Amino acid sequence: MKLLHNLTLVAALLVSACTSELATAGPAPTPPETQVVRYRLVAVPLVEPPHPPKREPPPLRLVAPNSSRAHIVDKGGNEIRRAPKGRSIAEMKVSPKRQWVLLYFGDADYTVASVDRLKDIAKPPIQPAAAADATGFRWLPLDDDRLIGYAQLPSLKPTRGLTASEADSLPPRGTLVYIYTIATDAMSPVEIDESVPQPFSISDDSYGNLAIEPHSGLAAFGLKILQIP
């Protein structure tokens with residue numbers, strides 16, 4: 001009986017010590033919240049450099065685009081990738097540091113592939129989820145890590161009495177812009193600054209410079225992406 005009594009006392013002391021340590025330690029720390037990156041698109045004057053920088057020839061070349069014979073070859077003319085069966089490769093754009101290419105197959109279907117073997121590494125979304133009636137994305141390289149894409153919100157004006165061509169020519173009611181991060185497969189909406197006339201498209205030149213093309217007929221603007229808190 002004495003031994004049992006001693007064991008009971010020891011157990012009570014251990015429980016008391018553990019409870020005291022837990023009370024001192026306090027609750028487990030809350031994991032940090034995921035930081036959502038926010039962006040704003042700003043229009044700036046479009047300035048063309050007087051002497052465009054020289055660029056090395058692209059490491060890959062798209063042959064017979066927009067046809068069933070579309071394929072990509074390397075500098076030596078060796079075929080690296082063919083168009084998917086029953087489809088085509090409409091366009092290929094190379095990232096600034098020649099690390100990946102953006103392939104466009106039509107119908108807002110894009111793939112990011114590595115330059116060395118043209119292995120798919122990312123698949124940007126086809127359409128924004130924020131608006132059910134939005135068009136498919138038009139994606140362009142923003143830098144070596146991200147794409148910038150825009151989609152149009154169709155006009156809500158009545159089309160009764162208009163021909164199909166006239167209805168299609170109605171200007172969109174607005175433009176949505178998103179940034180897609182290749183490494184994380186994450187897409188972030190971009191706020192449109194008041195300096196940007198809606199609606200608009202985003203274009204690029206042979207040097208990868210981006211520009212805002214207003215649908216109102218105004219001259220093109222340069223663009224800047226700001227990260228906001």
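This is a conversation between a trainee and a mentor about reading one predicted protein model.

Trainee: Where do I start: what elements does the protein have, and how many?

Mentor: Start with an inventory. This is a predicted model, and the protein in it has two helices and 15 strands. Buried residues make up 34% of its 229 residues. The protein exposes about 14900 Å², with carbon and sulfur atoms supplying 57% of that area.

Trainee: Which residues have a pLDDT under 50?

Mentor: The general idea comes first: where pLDDT is low, the predicted coordinates should not be read in detail. Here the mean pLDDT is 85, and 82% of the residues reach 70 or more. Residues 1–34 are the stretch to treat with care, since pLDDT stays under 50 there. The model also gives residues 1–34 zero contacts beyond four places in sequence.

Trainee: What share of the contacts comes from residues 24 or more positions apart?

Mentor: Among contacts with a separation of 6 or more, such pairs account for 47%.

Trainee: Now the inside. Which residues have the most contacts inside the largest nonpolar core?

Mentor: In soluble globular proteins, nonpolar side chains tend to be buried together. In this model the largest nonpolar core has 15 residues, and Leu 41, Val 177, Phe 200, Ile 202 and Ile 212 have the most contacts inside it. The elements giving two or more residues to this core are strands E1 (38–44), E10 (146–153), E11 (174–181), E13 (200–204) and E14 (210–214). E1 gives the largest share, three residues. Take Ile 202 as a case: apart from neighbours within four places in sequence, Ile 202 is in contact with Leu 140, Ile 148, Tyr 150, Val 177, Leu 210, Ala 211 and Leu 223. There's also a second, separate core of 14 residues, and Ala 70, Ala 83, Leu 103 and Leu 118 are among them.

Trainee: I see Leu 118 in that list. Is Leu 118 buried or exposed?

Mentor: Compare the relative accessible area with the cut-off: buried means under 20%. Leu 118 has 4%, so it counts as buried. Leu 118 sits in the loop between strand E7 (109–114) and E8. Its backbone is worth a look too: phi is near 55°, a positive value in a residue other than glycine.

Trainee: Which other residue has phi near 55°?

Mentor: Asp 185 does, and again the residue is something other than glycine. Asp 185 lies in the loop between E11 and E12. At 51% relative accessibility, Asp 185 counts as exposed.

Trainee: What about polar residues: is Gln 152 buried or exposed?

Mentor: Check the accessibility, then look for polar partners. Gln 152 lies in strand E10 and is buried, with a relative accessible area of 10%. A polar atom of the Gln 152 side chain lies 2.8 Å from the backbone oxygen of Phe 200. Beyond its sequence neighbours, Gln 152 has contacts that include Asp 133, Thr 135, Gly 174, Pro 199 and His 215.

Trainee: What kind of peptide bond joins Gln 198 and Pro 199?

Mentor: A cis one, with omega about -15°. Pro 199 is in the loop between strand E12 (186–192) and E13.

Trainee: What does Lys 123 touch?

Mentor: Lys 123 is in the loop between E8 and E9, and at 44% relative accessibility it counts as partly exposed. Leaving out residues up to four places away, Lys 123 touches Asp 109, Tyr 110, Thr 111, Tyr 180 and Asp 185. The side chains of Lys 123 and Asp 109 are joined by a polar contact of 2.6 Å. A polar atom of the Lys 123 side chain also lies 3.2 Å from the backbone oxygen of Tyr 110.

Trainee: Last one: how many aromatic pairs are there?

Mentor: For rings, look at the centre distance and the angle between planes. The count here is four aromatic pairs. One of them is Phe 137 with Tyr 178, edge-to-face at 5.4 Å centre to centre and 80° between the planes. That pair links distant parts of the chain, 41 residues apart, with Phe 137 in the loop between E8 and E9 and Tyr 178 in E11. Both Phe 137 and Tyr 178 are buried. Together with Trp 139 and Tyr 180, they form one aromatic cluster.

Technical notes
Residues numbered from 1 in each chain as written. Heavy atoms only, no water. Helix = DSSP H or I, 4+ residues; strand = E, 2+ residues; numbered from the N terminus. Buried < 20%, exposed > 50% of the residue type's maximum accessible area, 1.4 Å probe, protein only. Contact = heavy atoms within 4.5 Å. Areas by Shrake-Rupley, 256 points an atom, 1.4 Å probe, with all protein chains shown as cover. Core = buried A, V, L, I, M, F, W, Y, C linked by side-chain atoms within 4.5 Å. pLDDT = per-residue confidence, 0-100. Phe/Tyr/Trp six-rings, centres within 6.5 Å; stacked < 30°, edge-to-face > 60°. Polar contact = N/O pair within 3.5 Å; in protein donor to acceptor, adjacent residues only side chain to side chain.
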